[in-house]
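Biologist: I've got a model open and I'd like to learn how to read it. Could you walk me through it, one feature at a time?

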Amino acid sequence: RNALRFDKDNFQILRDLAVLQLQLRQYDALCETRYQMLTMRPVVKLNWISLAVAYHLSGKNEAAVKLLDAILEGFPPEPTPT
């Protein structure tokens, strides 16, 4: 958190913080960090899924399901090679 004071939009610091929060089981803080990462790079599917997992771990299951539904609607499935 101290490193974020100097560079609050550093994606690598946020990713490291999210891993640390996951290991320390600070799930509410993890939701906030993952949300911030999602707002920085909304086109990356991994950020959406990571936020849904964070919601699930913090007990916000309805929010996780709504987010996963939004992912399925917003990101069409990738074509399979024929």
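Biologist: What does the accessible surface of the chain come to, and how much of it belongs to carbon and sulfur atoms?

Modeller: Before that, a word on what you're looking at. This is a predicted model, where local features need pLDDT of at least 70 and side-chain atom pairs count only at pLDDT 80 or more, while totals for chains, interfaces and linings use all residues. Residues are numbered from 1 along each chain as its sequence is written, and side-chain values use heavy atoms, with hydrogens and water left out. Now your question: accessible areas come from the Shrake-Rupley method with a 1.4 Å probe, and for residues only the protein chains shown count as cover. Here the surface is about 6,000 Å², and 58% of that belongs to carbon and sulfur atoms.

Biologist: And how many helices and strands does the chain have?

Modeller: Helices (H or I, at least four residues) and strands (E, at least two) are DSSP runs, numbered from the N terminus. This chain has 5 helices and 0 strands, so to speak α-α-α-α-α along the sequence.Biologist: Which residues of H4 are buried?

Modeller: Buried means under 20% relative accessible area, exposed over 50%, and partly exposed in between (1.4 Å probe, protein chains only). In H4 the buried ones are Asn47, Ser50, Leu51, Ala52, Ala54 and Tyr55. Their cover includes H2, H3 and helix H5 (61-74). For the whole chain, 28% of the 82 residues count as buried.

Biologist: What length does H4 reach from its first C-alpha to its last?

Modeller: The expected span of a helix is 1.5 Å times one less than its number of residues. H4 (residues 45-57) has 13 residues and reaches 19 Å, close to the 18 Å expected.

Biologist: Where does Ser58 lie, and what is it in contact with?

Modeller: Contact means heavy atoms within 4.5 Å. Ser58 lies in the loop between H4 and H5, and leaving aside its neighbours within four places in sequence, Ser58 is in contact with Tyr27, Asp28 and Cys31. A polar atom of the Ser58 side chain also lies 3.0 Å from the backbone oxygen of Tyr55.

Biologist: What about phi? Which sign does Arg25 have?

Modeller: Most residues other than glycine have a negative phi. Arg25 is not a glycine, yet its phi is positive, about 60°. Arg25 lies in the loop between helix H2 (11-23) and helix H3 (27-40), and Arg25 is exposed, with a relative accessible area of 64%. Gly59, which follows H4, has a positive phi too, near 90°.

Technical notes:
A polar contact is a pair of N or O atoms within 3.5 Å; within protein, one must be able to donate a hydrogen and the other to accept it, and residues adjacent in sequence count only if both atoms are side-chain atoms.
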